[in-house]
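User: I'm new to this one and would like to go through the ligand and the pockets. Could you walk me through how each label is justified?

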Amino acid sequence: MAYEYDSENIFAKILRGDIPNDTVAETELSLAFRDINPAAPEHILAIPKGAYVNYDHFAAEASDAEIVDFNRMVARITRAVGVAQAAGGEGYRLITNAGPHGVQDVPHFHLHILGGRRLGRMISS
Ligand code: 5GP
């Protein structure tokens, strides 16, 4: 089954500049911005600029350049916000939700970068 991308999703609107965002990092291929409803002291969303609905879509169909750019941007962010242990921080969590069982609200692939406090066990319910 082919992936279907809804170009009216909220992150597509952010990428078009229709909705403002608090940008943390940007490259030609990727964008990162603060989550509007943070679940931790650091809560950043990293997205590719390409139209991918979730992780498996991105990993399967994005170009090597997009995949490398996205992952390197995420690593720069964890260091820049000081959650990476290599930057003196105490660690972080990366989460990506996909589909109804993953409880994905926005159907544009995004990685949650969470840190700044002890986050507890991975799944609470
Ligand atoms: P999901 O449940 O799809 O993994 O997560 C979607 C995330 O997007 C949520 O954490 C939510 O707070 C965030 N979000 C939803 N709308 C906006 C918005 O307009 N701006 C920003 N910065 N974050 C948003």
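Analyst: Sure. Keep in mind that this is a predicted model. Around the ligand there are 16 residues, and the nearest of them are D35, N97, D105, H110 and H112.

User: What makes a residue count as being around the ligand?

Analyst: One of its heavy atoms has to lie within 4 Å of the ligand. The shell has 16 residues, so each of those 16 passes that cut-off.

User: How do you know that D105 makes a polar contact with the ligand?

Analyst: The cut-off is 3.5 Å between N or O atoms. A polar backbone atom of D105 is 2.7 Å from an oxygen atom of the ligand, so the pair qualifies. V106 also offers a polar backbone atom, at 2.9 Å from a ligand oxygen, so that pair counts too. With H112 a polar side-chain atom is involved, 2.8 Å from an oxygen of the ligand, and therefore within the limit. As for cover, the ligand alone exposes 520 Å², and the protein buries 83% of that.

User: Which pocket holds the ligand, and what makes you say it sits there?

Analyst: It's the largest pocket. Sitting there requires more than half of the ligand's atoms to lie within 2 Å of the pocket's grid points, so the ligand must meet that condition.

User: How much space is in that pocket, and what lines it?

Analyst: About 960 Å³ of space lies in the largest pocket. Its lining has 32 residues, with D35, H43, N97, V103 and H112 closest to the centre. By class, that lining splits into 16 nonpolar, 10 polar and 6 charged residues.

User: Which helix or strand gives the largest share of the shell around the ligand?

Analyst: That's α1, with 3 residues. Both α1 (10-16) and β2 (30-34) supply at least two residues of the shell. In the lining of the largest pocket, α1 again has the largest share, 3 residues. At least two lining residues each come from α1, β2, β3 (42-48), β4 (92-95) and β5 (111-115).

User: What classes of residue make up the ligand's shell?

Analyst: The shell has 8 nonpolar, 5 polar and 3 charged residues.

User: What about the second largest pocket: how much space, and which residues are nearest its centre?

Analyst: About 320 Å³ of space lies there. Its lining has 13 residues, and E90, R117, R118, L119 and G120 lie nearest the centre. That lining divides into 4 nonpolar, 4 polar and 5 charged residues.

Conventions:
Residues numbered from 1 in each chain as written. Predicted model: local features only at pLDDT ≥ 70, side-chain atom pairs only at ≥ 80, totals over all residues. Heavy atoms only, no water. Polar contact = N/O pair within 3.5 Å; in protein donor to acceptor, adjacent residues only side chain to side chain. Areas by Shrake-Rupley, 256 points an atom, 1.4 Å probe, with all protein chains shown as cover. 1 Å grid on protein atoms, 1.4 Å probe; cavity = no way out; pocket = protein on both sides within 12 Å on 5 of 7 lines; lining within 4 Å. Helix = DSSP H or I, 4+ residues; strand = E, 2+ residues; numbered from the N terminus. Nonpolar A, V, L, I, M, F, W, Y, C, P; charged D, E, K, R; others polar. Points joined across faces, edges and corners; volume = space filled by probe spheres on them.
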